[in-house]
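I opened the model today and kept notes as I went. The entries follow in the order I looked things up.

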Amino acid sequence: MSGWNWLQAEGAMARFEALCEGDAVLARHLPGAGARFAFVQGTQAFTLVFTDGALRLEAGADAPTTFTAEAATWDKALALLPERHHHNLFAMRMRAPGFAATGDELAWAQHAHLLRRVMDLARWAAAGHAGPAPESLRPRLGSPTPCPTARGRYVTVRAGGRDVVLYGEQHGEGRPIMAMHTAGSDSRQFHRLAAEPALAGWAITAFDLPGHGRSPAITAPGGWALNTDLYCELILGFRQAWGFAEKPVLLGASMSGEICLEIALRAPEHFAHIVACEACEHIPGRRTPWPLHPKVNGMMFTPEWVDGLMAPQSPAECAAEVWWHYSQGGFGTFPGDILFYSGGWDARGRLSGIDTTRCPLTLLTGEYDYSCTAEASAATAAQIKGARFERMDGIGHFPFAENPALFARFLAPVLAEG
């Protein structure tokens with residue numbers, strides 16, 4: 001018995017409650033919690049109750065926040081390896097047919113990390129495991145982050161009508177790749193990718209946007225607001241200031257994948273190949289007020305907001321690093337980037353201006369990405385003569401950081417094409 005039906009078995013709720021009570025991950029985060037969440041399928045429902053330092057289950061749907069779906073949808077969500085767009089509550093709200101999340105959004109934002117863990121425990125129990133669940137249900141690599149042979153330095157570029165200092169670092173030797181981090185993160189996202197044997201003969205140079213990683217901020221805390229023109233000036237300025245010996249390949253994902261498309265429009269002659277991951281012509285619906293809300297811990301919510309963008313197959317160590325990097329982002333940095341990513345960026349009606357004879361363009365998008373879906377990227381590529389698209393199965397929204405070994409298998413053939 002699996003999925004929703006597992007919870008209907010005799011004694012299942014009591015066993016599940018005991019599993020939650022004995023879970024070390026929940027024990028770390030329950031102090032201070034206080035909310036009720038109902039899970040509903042047809043006429044069947046149970047309520048998850050968080051109180052300070054404890055958790056219990058009640059029959060029925062008596063909660064200000066309710067998650068509702070049909071049994072088939074819950075079955076997909078409660079599989080040990082969930083289907084795409086059913087692997088996280090945020091993903092389900094945006095993409096799963098028939099799923100509805102209603103009620104108190106603030107409570108959900110405050111308890112997102114607890115809800116994610118409870119869903120993992122439900123998957124663990126529904127799969128028939130009686131013992132305690134591991135810290136993460138993702139597969140483990142069993143190895144730490146490779147020690148990068150990075151050579152870092154600061155450069156000054158002209159952007160936004162002022163001098164801006166950016167930190168960059170180069171890994172390895174060979175033909176150059178100029179790599180750009182995702183919204184709210186920094187250049188550490190490329191440390192594991194740079195160590196992949198499949199990329200031998202390539203040198204990855206990544207840089208931090210202002211106020212990200214080791215680049216100094218250019219605004220007061222909370223004042224960062226990225227826009228298309230500023231982004232392009234920072235990219236082209238860094239390329240010139242770094243002093244590449246030959247044209248680099250430009251690589252980005254998510255918001256940096258989107259700006260790859262803009263660079264393909266504005267300045268393709270500066271790059272040997274443009275690889276836009278998790279990119280499409282327009283991304284609506286990804287702004288959220290919670291990272292700046294006074295009643296929400298942004299260091300907890302922001303990484304939870306992005307955790308569900310990663311595939312469940314991505315290694316636990318890599319996913320934990322992505323989560324950790326996002327928890328370290330400066331105040332207002334992530335939402336300031338999202339101003340560009342979801343709303344500010346809009347290439348609708350402009351894609352025909354991309355000339356791939358001036359610079360090859362490849363779009364790669366992960367199967368589990370629910371923000372920029374593979375279907376959206378494919379539709380965008382279809383509007384650009386000569387552009388190539390490939391769906392990356394088993395990967396989510398952060399390909400070079402969440403599963404660098406698998407991503408390298410998709411990237412290496414693209415690089416080999418020249």
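**Strand pairing and a buried arginine**

I began with Val275, whose bridge partner in strand 12 is Thr362. The model is predicted, so I read every value as computed from it.

I then checked how strand 11 (residues 273-277) meets strand 12 (residues 361-366). The two run parallel, and four bridges join them.

Next I traced the whole sheet. It is open, with eight strands in the order 6-7-9-8-10-11-12-13 and mixed pairing. Strand 6 (150-159) and strand 13 (388-392) are the edge strands, each pairing on one side only. I noted an average twist of 20° from one strand to the next.

I looked for helices against these strands. Helix 10 (residues 255-266) lies across strand 8 (175-180), strand 10 (249-253), strand 11 and strand 12. Its direction is at about 140° to strand 10. Helix 14 (residues 374-382) also packs on the sheet, where it touches strand 12 and strand 13. I read about 165° between the directions of helix 14 and strand 12.

Last, I turned to Arg84. Where does Arg84 lie? I found Arg84 in the loop between helix 4 (71-77) and helix 5 (89-95). Is Arg84 buried or exposed? Arg84 counts as buried because its relative accessibility is 19%, and the cut-off is under 20%.

I listed the contacts of Arg84, leaving aside neighbours within four places in sequence. They are Glu367, Tyr368, Thr373, Ala374, Glu375 and Arg391. A polar atom of the Arg84 side chain lies 2.8 Å from the backbone oxygen of Glu367. The side chains of Arg84 and Glu375 make a polar contact at 3.0 Å.

Methods
Residues are numbered from 1 along each chain as its sequence is written. This is a predicted model: local features need pLDDT of at least 70, side-chain atom pairs count only at pLDDT 80 or more; totals for chains, interfaces and linings use all residues. Side-chain values use heavy atoms; hydrogens and water are left out. Buried means under 20% relative accessible area, exposed over 50%, partly exposed in between (1.4 Å probe, protein chains only). A polar contact is a pair of N or O atoms within 3.5 Å; within protein, one must be able to donate a hydrogen and the other to accept it, and residues adjacent in sequence count only if both atoms are side-chain atoms. Contact means heavy atoms within 4.5 Å. Two strands pair if DSSP finds at least two bridges between them. Axes are lines fitted to C-alpha atoms, for helices over the stretch in contact, and angles run from 0 to 180 degrees between N-to-C directions.
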